[in-house]
Amino acid sequence: MSGWENFNPEEAKVAMGSALKHLDPVMLHFFENCVNCGLCEVNCPYTAAGEEYGPVEKAELLRKLYRAQVQILPRIFPWLFGAGPPKTKEEVDKWVEKAYRCTNCGLCYVTCPFGIHSGEMIKVLRGYLARVGRVPTLLKAMIDAEASNTLLENKGLKEIWSNMLDKLREEGVEFNKKNAKYLYVTSLAEAMMTPGSVIGAVKLFKKLGIDWTMSDQPLSMRAPIGSLAGDDEATRVVARRIYDYIKDMNPEYIVLTDGGYPYTFFRFDLPRIVGEKPSFKVVHIVELVEEALHEGKIKFKTTSERITWHSPCKMGRFGGLIEEPVKVLSQVSSGFVKLGSHGIFNKCCGGGSSIACIVPPTQEMMEKILGMSLQLTASEKSFLDKLYKDMLVAGKAKVDEIKETGASTVVTACVGCMHTIGMTTKAYGVNVKLKMLSEFLAENLE
C-alpha cells in the first residue's frame, strides 16, 4: 500500500491517542496484571512459528504505548521502561509483523490464570498501526470499499453476488420482508467462498417451516472488515448501516451460518458500537436445527462416513456453542469423531483475524476476481510471504489433529476456517473434504 515504505516518528507519537481511547477498566486489567508467566504461549498457534510471536511478546507492544501515556515514571524516563512508540521504520515493521501473528482465537485468554486477553490488546495495537499507515493493501481495499458501500461496483464481486441471487430466487426466497420472525444475515464473503452454506441454509429454513427473510444486497464483505485492522471509524459506519437495516426489517432473531467473527460481531459487538439495546436475539443456524431435532421436527439420513467437527473459535470458545454441532452431526453420521482438542481448548486453524485473507494465495485469487493487480512495495511483499509461511506452521497442529481422526470430511461453520484449512491441509498433503455445516446438513436431509 502507499506509505508502507514510509514512517514518520511524529505521526507515530500522535497516533498513540487512538490506543488510549480503548483503555477502559477491562483493558486496564489486561495492561497491568500480566506477570509474564508465559503460560499463554502453550496454546497460542503462532508460538510454533517463533517465540517472539508469543501472546505476551505481542501484547507488550501495546503496553509500551500505554506506559508512555498513563504511568508517571515511564513518562519521565521512557528509556528505562521501554515506553513509547516505534522510532524507526525497521521497528514499526517488526511491530506489524507481530500484530499480524495473532488470530484473536482466545486461547491465551482461557489459558491465562489472571484472565488476560492478549488478543484484544493486539486488536487495539492493529488500530494504532493503521493510524501510522500499516494496513495490508488487500485488507485496506476491502475496508474502503465496504465503508463506502461500493463493493458491488466491482464487476467481479457484483457477478458473484448476482449469481447467488439467481440461485436464491430459484429457491423461492422472499427478500426484505419486514417483520419476518427470522432475518438470515449472510455476506459477500460467504457468497464468494462458501456459497453452499447459503443455499444449504435456505433448504434448512424450508424444512423447518419458519417465517424468514434476507437482504438482496450484501450488508458487508463479511462483518465490518475494518474491525480486523482496528479501523474504528470504518467499523462504526458499516455497523450503523447494518443495524439500521435490521431495525427496518424488525425481526425477532438474526440467524447466521458463518460462526467466525461475524457471530461475535452481531451477538456482542454490534449493540456496543451503535450504543443501543437490540430488540432481536442472535442465533446460529445449528441452534435452530438442534432444537428441531429435539422436538422431532427434522430428520436426517444416516451415513457411516467418518466425519469430524472443527469448532470456530468465535462460535465455540466465545459463544459457547460447543456441544450443539456435535449433537447434530452425531445424528447425521454414525462415524462422527471428535477432534483431540474438542471443547474450550479447541485448536485454532491459524488463519483468523484476516491472516488467511491477505496471504499471497488469497491475494492471487482476489486479484482474479477483482480484475486488477494490487501494487505492493518490496517490504509488504516480504511481510506477506513470511506471514504465509508462518501461517502454515501455525496451522500444522490442527492439520495433524484432523489427520489423526482418519476423517474423510471436516465440517466447520466459519468462512475463514474453511479457507485456512483448505490451504493448510493441501500444504501438508492431507486429503479431506471440507464442508460448511449448513451445506452438509442440507445435503443429508431426509
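1. Let's start in the sheet: Tyr184 sits opposite Val255 of strand 3. Keep in mind that this is a predicted model. Strand 1 (residues 182–184) pairs with strand 3 through three bridges, in the parallel sense.

2. Now the sheet as a whole. It is open and has four strands, ordered 2-1-3-4, with parallel pairing. Strand 2 (212–214) and strand 4 are the edge strands; each has a single partner strand, so one side of each lacks a neighbour in the sheet. From one strand to the next, the twist averages 30°. As a reminder, the strands of a sheet pair through backbone hydrogen bonds, either parallel or antiparallel.

3. Follow strand 3 across to the edge. Strand 3 (residues 253–256) and strand 4 (residues 281–284) run parallel and are joined by four bridges. One pairing to look up is Leu256, whose bridge partner in strand 4 is His284. Between these two strands the chain passes through helix 15 (residues 261–274), and the β-α-β crossover is right-handed.

4. Which strands does helix 13 touch as it packs on the sheet? The helix touches strand 1, strand 2 and strand 3, and its direction makes about 160° with that of strand 1.

5. Helix 13 (residues 195–208) is worth a quick length check. With 14 residues at 1.5 Å a residue, the helix should span 20 Å, and its end C-alpha atoms are indeed 20 Å apart, so the two agree. Right after helix 13 comes Gly209, which has a positive phi, near 70°.

6. How enclosed is helix 13 by the rest of the structure? Largely, because ten of its 14 residues are buried, where buried means under 20% relative accessible area. Among the buried ones are Gly196, Ser197, Gly200, Ala201, Phe205 and Leu208. Val198, Ile199 and Val202 are on that list too, and these three turn up again as contacts of Leu168.

7. That brings us to the nonpolar core. The largest one has 128 residues, and Tyr128, Leu168 and Leu441 have the most contacts inside it. Helix 14 (residues 232–249) supplies the largest share of this core, eight residues. Setting aside neighbours within four places in sequence, Leu168 also contacts Val173, Phe175 and Met214.

8. Don't overlook the other core. Apart from the largest one lies a core of ten residues, including Cys349, Val399, Cys414 and Val432.

Technical notes: Residues numbered from 1 in each chain as written. Predicted model: local features only at pLDDT ≥ 70, side-chain atom pairs only at ≥ 80, totals over all residues. Heavy atoms only, no water. Pairing = 2+ DSSP bridges. Right-handed = clockwise from strand over helix to strand, strands pointing away. Expected span 1.5 Å × (residues − 1). Buried < 20%, exposed > 50% of the residue type's maximum accessible area, 1.4 Å probe, protein only. Core = buried A, V, L, I, M, F, W, Y, C linked by side-chain atoms within 4.5 Å. Contact = heavy atoms within 4.5 Å. Axes fitted to C-alpha atoms, helices over the stretch in contact; angles between N-to-C directions.
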